[in-house]
Amino acid sequence: MKPTLLILAAGMASRYGSMKQTDGFGPNGETIIDYSIYDAIKAGFGKVSFIIREEFAEKFKSIFEPKLNGRVETDYVFQSFDLKPFGIDKEIERAKPWGTAHAVLAARNQVHEPFCVINADDYYGYDAFEKMVKFLTTEASDTQYSLMGYQIDKTLSENGSVSRGVCEVDDKGNMTGVNERTEVYFKEDGSVAYKDATGEHPLPNTKPVSMNFWGFTPAVFEQSLPMFQKFVEANAENPKAEFFIPLVADELIKSGTAAFKVIPTPSKWFGVTYKEDKEIVQASISALVENGTYPANLWD
């Protein structure tokens, strides 16, 4: 059974100012998602599931169905505020749903095969999809999941510091933890460092970081559901609390329920958060077209 690509695309993109999930970045208006799906099909994924808000459905279908029809199976998962499907008999007023792990849980009735999770607004590169397919088809189990580990120097900006989840890995290649570093940057000599309350600290340029590219089997749904129920109970009065995938990973690791293999990739990552990022992403994609990584007309 071919694995499924689960794309997190339900965000409102408030910092970007418009629907960046469907904004055009390629030479013919291709979205960042288009390049991820192109790489995923080439790598061997059999289905693409978009996790979106229901009100986005018609727009997503109008953009992606004409391109993907006959190339890959597509499916749509709706992330909403309704907690009853998760066994929670509460109505909680919030401005947005409950985060990335909640989004994954929303797919539990529609995904029945090993799958990976990615962000809609991040470019990951073919190498990551190829390695994830290999993991999902040959190594994944209900006690062995994975995370793509990007070299930290392949994820930084030339224009200032960024936040990164820095992975700690044991001698078996499994993640033991993720340290959130909020001010990571290039130094003048090209080396990488981060700052915290105690000062500046060096990081190896090849240190793996998480860019939210995870591999699971469907067992994670049953494993994470009680975590979500407890999270909602504890955060019912906190309208900004979010149930993130790293929270699930951390609990599974600490409880001994599952390990997370960190799969290294040398791929260059780039993404879009603010409107100012658009020109940078467009230039990056243009360079990939010019060097032959992608055709100018992606779906022709």
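This briefing covers the nonpolar cores, the aromatic pairs, the charges over rings and the surroundings of one asparagine. The model is predicted. The largest nonpolar core has 57 residues. The search for aromatic pairs, run over the whole structure, returns 27. N212 is a buried residue in the strand β11 region, treated last.

**Nonpolar cores**
- In soluble globular proteins, nonpolar side chains tend to be buried together.
- Within the largest core, of 57 residues, the most contacts belong to L5, I7, I37, F50 and F213.
- Another core lies apart from it and has 41 residues. V77, I92, V111 and V248 are among them.
- I7 touches I33 and I37, then V48, S49, F50 and I51, and also I118, N119 and A120. That list leaves aside neighbours of I7 within four places in sequence.

**Aromatic pairs**
- Y123 and Y294 pair edge-to-face. Their centres are 6.2 Å apart, with 85 degrees between the planes.
- Y123 sits in strand β5 (residues 122–123), and Y294 in the segment after α7 (278–290). The pair therefore ties together parts that are 171 residues apart in sequence.
- Y123 and Y294 are both buried.
- F228 and F243 form a tilted pair, because their planes meet at 40 degrees. The ring centres are 5.3 Å apart.
- F228 belongs to helix α5 (residues 219–234), while F243 is in the loop between α5 and α6 (245–255). This pair ties together parts that are 15 residues apart in sequence.
- F228 and F243 are buried too.
- One aromatic cluster is formed by Y35, Y38, Y123, F270, Y294 and W299. Y123 and Y294, the edge-to-face pair, are thus found in this cluster.

**Charges over rings**
- R94 lies over the face of W98, 3.8 Å from the ring centre.
- K278 lies over the face of F25, at 5.7 Å from the ring centre.

**N212 and its surroundings**
- N212 is part of strand β11, which spans residues 208–216.
- Its relative accessible area is 12%, so N212 counts as buried, the cut-off being under 20%.
- The N212 side chain makes a polar contact with the side chain of W214, at 2.8 Å.
- Leaving aside neighbours within four places in sequence, N212 contacts L8, T100, V117, I118, N119, Y124 and I245.
- I118 and N119 appear in the contacts of N212 and also in those of I7.

Conventions:
Residues are numbered from 1 along each chain as its sequence is written. This is a predicted model: local features need pLDDT of at least 70, side-chain atom pairs count only at pLDDT 80 or more; totals for chains, interfaces and linings use all residues. Side-chain values use heavy atoms; hydrogens and water are left out. Helices (H or I, at least four residues) and strands (E, at least two) are DSSP runs, numbered from the N terminus. Buried means under 20% relative accessible area, exposed over 50%, partly exposed in between (1.4 Å probe, protein chains only). A polar contact is a pair of N or O atoms within 3.5 Å; within protein, one must be able to donate a hydrogen and the other to accept it, and residues adjacent in sequence count only if both atoms are side-chain atoms. Contact means heavy atoms within 4.5 Å. A nonpolar core is a set of buried Ala, Val, Leu, Ile, Met, Phe, Trp, Tyr and Cys residues joined through side-chain atoms within 4.5 Å. Rings of Phe, Tyr and Trp (its six-membered ring) pair if their centres lie within 6.5 Å; planes under 30 degrees apart count as stacked, over 60 as edge-to-face and the rest as tilted. A charge sits over a ring if NZ of Lys or CZ of Arg is within 6 Å of the ring centre and within 35 degrees of the ring normal.
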